[in-house]
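Me: Got a minute to go through this one with me? I'll put it up here.

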Amino acid sequence: MTLAASGISRELMKGNEAICVGAIAAGCRFYYGYPITPQNDIPEYMAAHLPPIGGMFLQAESEVATINFLLGASASGKRVMTSSSGPGISLMQEGLSYMAGMELPAVIVNISRSGPGLGGIAPSQGDYFQAVKGGGHGGYRMPVLAPHSVQEMYSLTMRAFDLSDKYRNPAMILGDAVIGQMKEPFVPTPYLPTVSAEKPWALTGCAGRERRIVKSLYLKDDEIEVHNWKLHRKYTTMQKEEVLYESYCMDGARVVIVAFGTAARVSKTAIQVARREGIPVGMLRPVTLFPFPSREVNEAAGVADAILVIEMNTGQMLEDVRMSTRHHDKIRFLGKPCAIPTPEEILQEIRRLAGEIGAGR
Amino acid sequence: MKGTAPAPTGTIEIDFERCKACELCVPACPKHCIEMGDRINRHGYVAALFARPLDCTGCAICAESCPDVCIRVWR
Amino acid sequence: MKDKRRETFPRAVFSRPRSLLDVRSHYCPGCHHGIAHRILAETIDRFDVRGKTVGVAPVGCAVLMYDYIDVDFAEAPHGRAPAVATGVKRAHPDRFVFTYQGDGDLAAIGTSEIIHAANRGENITVLFINNTTYGMTGGQMAPTTMLGQKTATSPYGREFRNDGYPIKVAELLATIEGTAYSARVATSTPAQIRKAKEAVRKAFDMQIREVGFSLVEFLSTCPTNWGMKPLDAQKRVLGEISGYFPLGVYKERKQADFV
């Protein structure tokens with residue numbers, strides 16, 4: 001169905017705002033947040049747009065309080081979202097671990113900035129480990145979706161709500177300052193729910209039913225071990241069913257870039273130019289960072305002569321790429337911590353690699 | 001009938017197994033009806049004992065003072 | 001003989017509150033958590049809100065209170081109960097929401113959360129158990145530990161130059177505009193227990209009438225970690241502790257600003 005025929009008009013918005021549109025479309029009516037650059041557009045948008053539709057916006061006294069507002073709202077059966085940046089996401093880790101242990105859904109948005117510490121407000125992908133390896137204590141995981149366009153900021157947020165409800169587990173959108181702050185048109189496609197809205201475990205007051213307890217404390221002998229294996233099964237199921245990735249110009253590719261988010265977005269430009277120069281280069285772009293597309297990376301590494309991992313950090317997803325395949329000898333890394341790699345820099349590396357493996361004209 | 005104590009106007013029952021022998025009820029009773037017993041319950045506590053039922057007025061102060069809600073009171 | 005007595009005294013005048021589950025608690029002998037739990041359960045029954053109550057349990061000795069109070073419960077991370085309760089109350093404004101927290105939970109790690117919940121006038125009720133120590137973790141110094149009090153982490157006695165002064169929560173929160181009710185009670189004498197019930201009723205009423213944030217601070221004993229017999233622990237509350245932490249109502253709004 002063409003856009004015109006569908007009657008949906010395109011919107012021109014910042015990525016941060018598109019997240020809010022996606023959340024509202026997915027039925028989120030509760031947002032709690034705290035100011036931190038570069039995600040302020042999100043609480044600001046929600047502060048303006050939720051009250052008129054009967055939603056609840058509340059700015060907390062800290063990100064620690066924020067994640068616990070989320071915990072309370074989620075335990076009450078509501079779809080709820082928050083957003084922050086690296087330092088705030090660090091403060092939320094305790095709450096995220098509790099929510100994973102309590103099996104509570106919620107969407108957490110990290111519009112990454114430079115780190116560590118106060119770092120800077122330039123974009124970065126330095127929060128990759130924190131996001132995908134379970135940033136808090138206890139070994140929990142979260143589905144982590146990495147948009148590389150304003151369109152995906154919209155659509156992946158909707159998906160994150162469904163994923164977090166399906167698995168009763170927090171889910172994360174891992175963006176960065178570029179995608180958050182940039183404006184480009186996107187199409188607010190309709191939200192099509194893929195999970196039931198029923199939450200038979202929610203705390204609503206036990207009138208007329210058995211009372212419910214939502215907790216993460218398990219003191220009796222092997223209860224906590226059994227609980228950990230239950231959570232583990234969620235993560236293995238996610239690995240089987242929820243992997244999302246994009247193959248870009250992969251046919252005949254002998255140099256394969258593996259990159260996500262902004263790094264992948266910029267790589268597309270470099271790939272276009274290189275392809276015109278006859279260099280067989282393509283890209284495998286993980287959209288879910290957890291679950292990581294290990295199988296696809298392994299397949300690509302089997303066929304290609306060189307794997308070029310490009311990240312806006314000093315090498316984090318690089319480790320997951322290495323874990324996905326035994327072809328370590330083929331793996332190269334281009335890292336730009338806290339800065340955007342330019343198409344020229346990527347193009348240069350592609351040409352160098354192509355020369356190395358004797359590919360191209 | 002001079003000199004005989006007034007008849008009790010209430011009574012209590014102490015949950016022997018649940019009592020943790022904290023002794024809070026003993027001084028609480030205005031009529032000193034309760035003292036520590038000598039039988040050990042299955043949790044290892046020497047439970048309190050309703051020793052002088054005839055003096056009980058059913059005021060329930062003992063029950064109010066018990067942290068483990070071991071005492072029921074009737075009038 | 002018992003049945004004969006029962007015939008002569010047929011009317012039950014004191015029995016377990018409906019909202020208090022009939023199970024043996026893990027609390028130590030003489031621990032006042034038990035009394036505060038019973039008062040809470042009695043008040044839930046009195047206002048008939050059991051079916052629409054959501055409790056928020058702390059991290060501390062009372063973390064297991066969801067095994068004792070027969071309502072829906074969420075367990076909050078240490079110190080975060082007022083924030084979790086905010087999330088719950090905002091999700092269901094017509095539910096009765098309370099938190100129950102110890103002095104380590106509320107006055108140390110959770111200071112920011114309690115102050116801002118009060119400042120927002122969050123329509124929740126907080127029962128704050130002050131026993132001047134961290135009970136569950138083995139008797140460490142708490143923000144409310146008395147000067148000179150020896151604890152596992154103030155073995156030479158709390159000393160203000162090093163450890164500052166015991167924090168007075170009921171007074172502190174009474175200075176906050178959003179607070180509708182702030183009182184301090186104790187449960188070491190029958191009369192105190194009666195007043196404590198009155199205070200908790202007032203606090204419940206504040207929430208139900210949507211007047212705003214309510215808190216009742218309970219001066220409580222911790223015989224085990226004070227290394228005292230329960231009766232002596234109560235004397236300590238009646239003496240030294242009540243001296244520094246005076247009982248009373250520190251704030252009571254007549255009605256909400258926004259009604």
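Me: Which residues of α14(A) are exposed on the other side of the helix?

Reply: Those are E344(A), Q348(A) and G355(A). Keep in mind that this is a predicted model.

Me: And which ones in α14(A) are buried?

Reply: I346(A), L347(A), E349(A), I350(A), L353(A) and A354(A). Looking down the axis of α14(A), the buried residues fall within an arc of 165°, so they line one face of the helix. As background, an α-helix has 3.6 residues a turn, so residues three or four places apart point the same way.

Me: What do the buried residues of α14(A) pack against?

Reply: Elements of chain A: strands β11 (255-258), β12 (281-286), β14 (306-311) and β15 (331-335), plus helix α11 (261-276).

Me: How far apart are the end C-alpha atoms of α14(A), and what span should its 15 residues have?

Reply: The ends are 21 Å apart, and at 1.5 Å a residue the expected span for residues 343-357 is 21 Å, which agrees. Right after the helix comes G358(A), with a positive phi near 70°.

Me: Switching to α6(A): how many of its 10 residues are buried?

Reply: 9 of them, so that helix (residues 93-102) is mostly covered. Among the buried ones are L96(A), Y98(A), M99(A) and M102(A). Just past α6(A), E103(A) has a positive phi of about 60°.

Me: Backbone oddities next. Where are the cis peptide bonds to P116(A) and P291(A)?

Reply: The one from G115(A) to P116(A) has omega near -5°, and P116(A) is in the loop between β5 (106-112) and α7 (128-132) of chain A. The other joins F290(A) and P291(A), with omega about -5°; P291(A) is in the loop between β13 (288-290) and α12 (294-303) of chain A.

Me: What about T132(C), buried or exposed?

Reply: T132(C) is buried, at 0% relative accessibility. Its phi is positive, near 55°, though the residue isn't a glycine. You'll find T132(C) in the loop between β5 (125-130) and α6 (160-163) of chain C.

Me: OK, chains. Which pair shares the most contacts?

Reply: A and C, out of 2 pairs of chains in contact. No contact joins A and B, and their closest C-alpha atoms lie 19 Å apart.

Me: Last thing, how many cavities of 30 Å³ or more are there?

Reply: The count is 6. The largest has a volume of about 120 Å³. It is lined by 14 residues, and the closest to its centre are P67(B), V69(B), L20(C), V23(C) and S25(C). That lining splits into 7 nonpolar, 3 polar and 4 charged residues.

Methods. Residues numbered from 1 in each chain as written. Chains lettered and ligands numbered in written order. Predicted model: local features only at pLDDT ≥ 70, side-chain atom pairs only at ≥ 80, totals over all residues. Heavy atoms only, no water. Contact = heavy atoms within 4.5 Å. 1 Å grid on protein atoms, 1.4 Å probe; cavity = no way out; pocket = protein on both sides within 12 Å on 5 of 7 lines; lining within 4 Å. Points joined across faces, edges and corners; volume = space filled by probe spheres on them. Nonpolar A, V, L, I, M, F, W, Y, C, P; charged D, E, K, R; others polar. Helix = DSSP H or I, 4+ residues; strand = E, 2+ residues; numbered from the N terminus. Expected span 1.5 Å × (residues − 1). Buried < 20%, exposed > 50% of the residue type's maximum accessible area, 1.4 Å probe, protein only. Arc of directions from axis to C-beta.
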